[in-house]
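I am opening a fresh page for this one. Come along while I look things up, one entry at a time.

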Amino acid sequence: MHSDIVTVRDRRGAEWGWFLAWLAVGGCLALGLAALLSVGVVLIVLAVVAAVFLLRKGHRAAVAGGLAGLALPLFHLAYLNRGGPGTVCHSTAGGQSCTDEYTPVPFLAGGALLFVAGFLVFLLLDRRRRGTE
């Protein structure tokens, strides 16, 4: 009986590990698309290679982590624009540095929507899979 509980716990942990791996793939792909003119091609190739590996070895429901991973660059953009909207100035050793920033709300809302959608799809697919076992 105890070994059955440990096996279920280990399997659940492994499924979340696959979800996190797909989250990284989605983030890598989104960052590659955003940086297409510089290092984007390398990141996209890396994401495709990782996706092929994960599709062959991983838990199928965890693919939804890729959707959640698309949110990571959006969260980063929201963080970078946290002082916006408008011109934001910071004191530096040599004087003052000013930048124009966007409002972070659309980036944060889009990221939250993608992250929650990926998370919920994973939970639904995992629950459906467990129900058929």
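**Entry 1: a yardstick first.** Before reading any exposure value, I note that a residue is buried under 20% relative accessible area, exposed over 50%, and partly exposed in between. I also note that the model I am reading is predicted.

**Entry 2: the cysteines.** I looked up C89 and found 36% relative accessibility, so C89 counts as partly exposed. C98 comes out at 44%, so C98 is partly exposed too. C28 has 16%, which means that C28 is buried.

Which cysteines does a disulfide join? I found C89 linked to C98, with 2.1 Å from S to S. The count for the structure is 1 disulfide. I checked its twist as well: the angle about the S-S bond is 105°, and the link of C89 and C98 is right-handed.

**Entry 3: the whole chain.** I stepped back to see the layout. The protein chain has 5 helices and 2 strands. Following the sequence, I read the pattern α-α-α-α-β-β-α.

How many of the residues count as buried? The chain has 133 residues, and 28% of them are buried. I then looked up the surface: about 8800 Å² is exposed, and carbon and sulfur atoms supply 70% of that area. For contacts between residues at least 6 apart in sequence, I noted that 67% join residues at least 24 apart.

**Entry 4: E101.** I picked E101 next and found it in strand 2, which runs over residues 95-101. E101 is buried and yet has no salt bridge. Where is the nearest side chain of opposite charge? That is R82, and I read 6.5 Å between the two. A salt bridge would need a side-chain nitrogen of Lys or Arg within 4 Å of a carboxyl oxygen of Asp or Glu, so the pair does not qualify.

I did find a polar atom of the E101 side chain 3.1 Å from the backbone nitrogen of G83. Leaving aside neighbours within four places in sequence, I listed the contacts of E101: L80, N81, R82, G83, G84, P85, G86 and V88.

**Entry 5: L33.** My last stop was L33, in helix 1, which covers residues 2-34. Is L33 buried or exposed? I read 51% relative accessibility, and the cut-off is over 50%, so L33 counts as exposed. I also looked up how L33 sits relative to I44: the two are 11 residues apart along the chain, and their C-alpha atoms are separated by 7.2 Å.

Terms used
Residues are numbered from 1 along each chain as its sequence is written. This is a predicted model: local features need pLDDT of at least 70, side-chain atom pairs count only at pLDDT 80 or more; totals for chains, interfaces and linings use all residues. Side-chain values use heavy atoms; hydrogens and water are left out. A disulfide is a pair of cysteine sulfur atoms within 2.5 Å. Buried means under 20% relative accessible area, exposed over 50%, partly exposed in between (1.4 Å probe, protein chains only). Helices (H or I, at least four residues) and strands (E, at least two) are DSSP runs, numbered from the N terminus. Contact means heavy atoms within 4.5 Å. Accessible areas come from the Shrake-Rupley method with a 1.4 Å probe; for residues, only the protein chains shown count as cover. Lys and Arg count as positive and Asp and Glu as negative; His and the chain ends are not counted. A polar contact is a pair of N or O atoms within 3.5 Å; within protein, one must be able to donate a hydrogen and the other to accept it, and residues adjacent in sequence count only if both atoms are side-chain atoms.
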